[in-house]
Structures are given as C-alpha cells and as structure tokens.
Amino acid sequence: MNKYYNTFSVILSNAQSKIQEIPEDEMNAKPAPNMSKWSKKEILGHLVDSAYNNHQRFLRAESQGNLIFTGYDQDEWVAKHNYQDRPTEQILTLFVRCNHHLN
C-alpha cells in the first residue's frame with residue numbers, strides 16, 4: 001500500500017468516528033423551516049452519490065481524452081435514495097466503503 005492510501009484510510013477512519021459521535025437528532029435536523037435544505041444525514045448521502053459519480057468519471061477521464069462529464073440532479077438523487085429516513089450508520093457504511101473503493 002502506498003502512503004496516499006494509508007493517509008486516505010486514516011482520514012476516512014477519523015471521519016467515520018467523528019460522524020458516529022453526532023447524535024441522531026442532530027443528523028436528522030433540517031437547517032431551514034421550509035425543509036428545502038439538507039440535513040447532515042442527507043449531506044452524507046450526497047457524498048455517497050458524489051463518490052459513485054466521481055468513480056465513473058475517473059475511469060472515463062482516462063479513456064475519453066477530456067474532462068467533460070454529464071451531471072446529475074443532486075436533489076433528486078438525495079430524495080430518491082431517501083437518505084433522510086435511512087439509518088445514519090447505513091449511510092455512513094456506504095460512505096466509507098465507496099470512498100475506500102475510490103482509493
């Protein structure tokens with residue numbers, strides 16, 4: 001394993017520990033009364049979606065010769081994955097695993 005992998009693994013481990021310390025009610029809280037802004041749990045889910053999208057972008061970048069990629073509707077993905085109603089630990093596990101896969 002190279003030093004970057006080890007550093008990234010330490011960062012992921014630290015992030016996981018810190019997120020696990022956040023109380024569930026704080027993870028679920030929406031920052032705006034109209035509920036249009038994401039909760040911490042939804043932000044974590046968005047980071048999972050982002051990692052999945054970035055993984056395929058990294059793979060395509062190598063072969064397509066440019067850095068032009070299709071986007072995705074972040075709000076729609078967060079809603080479709082229903083991160084708000086899923087257990088934080090489940091989303092956190094996805095976050096750690098998909099980011100380890102990027103490495």
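## Close-up views of a predicted model

**View 1. Glu76 counts as partly exposed, at 35% relative accessibility.** The model shown in this and every other view is predicted. Glu76 forms a salt bridge with Lys80, and the closest N and O atoms of the two are 2.7 Å apart. Both residues belong to helix H4 (residues 74–81), where they are 4 residues apart, about one turn of the helix. An α-helix has 3.6 residues a turn, so residues three or four places apart point the same way. Lys80, with a relative accessible area of 64%, is exposed, because the limit for that class is over 50%. The salt bridge of this view is one of 4 in the structure.

**View 2. Asp73 and Asn82 flank helix H4.** At the N-terminal end of H4, Asp73 acts as a cap. One of the side-chain oxygens of Asp73 lies 3.2 Å from the backbone nitrogen of Asp75. Asn82 follows H4 and has a positive phi, near 55 degrees.

**View 3. A salt bridge joins Lys41 and Glu24.** The closest N and O atoms of this pair are 2.9 Å apart. Lys41 belongs to helix H3 (residues 40–64) and Glu24 to helix H2 (residues 24–28), so the pair links distant parts of the chain, 17 residues apart. How buried or exposed is each partner? Lys41 has 3% relative accessibility and therefore counts as buried. Glu24, at 38%, counts as partly exposed.

**View 4. A salt bridge joins Glu42 and Lys30.** Here the closest N and O atoms are 2.7 Å apart. Glu42 lies in helix H3, while Lys30 is in the loop between H2 and H3, so the salt bridge ties together parts that are 12 residues apart in sequence. Glu42 counts as buried, at 8% relative accessibility. Lys30 has 22% relative accessibility and counts as partly exposed, because the buried class takes values under 20%. Side chains of opposite charge can pair when their charged atoms come close.

**View 5. The rings of Tyr72 and Trp77 form an aromatic pair.** The structure holds 1 such pair. The ring centres of Tyr72 and Trp77 are 4.7 Å apart and the ring planes meet at 50 degrees, so the pair is tilted. Tyr72 counts as buried, at 19% relative accessibility. Trp77 has 30% relative accessibility and counts as partly exposed.

**View 6. Asn53 is in contact with Tyr72 and Trp77.** These contacts are found when the neighbours of Asn53 within four places in sequence are left aside. Asn53 has its place in helix H3. Is Asn53 buried or exposed? At 8% relative accessibility, Asn53 counts as buried.

**View 7. Helix H3 runs over 25 residues.** At 1.5 Å a residue, H3 should span 36 Å; the C-alpha atoms at its ends are 35 Å apart, which agrees. The buried residues of H3 include Leu44, Gly45, His46, Val48, Asp49, Ser50, Ala51 and Arg57. Also among them are Lys41, Glu42 and Asn53. Just after H3 comes Gly65, which takes a positive phi of about 80 degrees.

**View 8. Helix H5 (residues 88–102) runs over 15 residues.** How far apart are the end C-alpha atoms of H5? They are 21 Å apart, which agrees with the 21 Å that H5 should span at 1.5 Å a residue. The buried residues of H5 are Thr88, Ile91, Leu92, Phe95, Val96, Cys98 and Asn99.

**View 9. The chain as a whole has 5 helices and 0 strands.** From the N terminus on, its elements run α-α-α-α-α. The C-alpha atoms fill a box of roughly 45 × 30 × 20 Å, taken along the principal axes. Of the 103 residues, 28% count as buried. Among contacts with a separation of 6 or more, 66% come from residues 24 or more positions apart. The mean pLDDT of the chain is 89, and 91% of the residues reach 70 or more. Among the elements, helix H1 (residues 3–20) has the lowest mean pLDDT, 87, and H2 has the highest, 96.

Key: Residues numbered from 1 in each chain as written. Heavy atoms only, no water. Salt bridge = Lys/Arg side-chain N within 4 Å of Asp/Glu carboxyl O. Helix = DSSP H or I, 4+ residues; strand = E, 2+ residues; numbered from the N terminus. Buried < 20%, exposed > 50% of the residue type's maximum accessible area, 1.4 Å probe, protein only. Polar contact = N/O pair within 3.5 Å; in protein donor to acceptor, adjacent residues only side chain to side chain. Expected span 1.5 Å × (residues − 1). Phe/Tyr/Trp six-rings, centres within 6.5 Å; stacked < 30°, edge-to-face > 60°. Contact = heavy atoms within 4.5 Å. pLDDT = per-residue confidence, 0-100.
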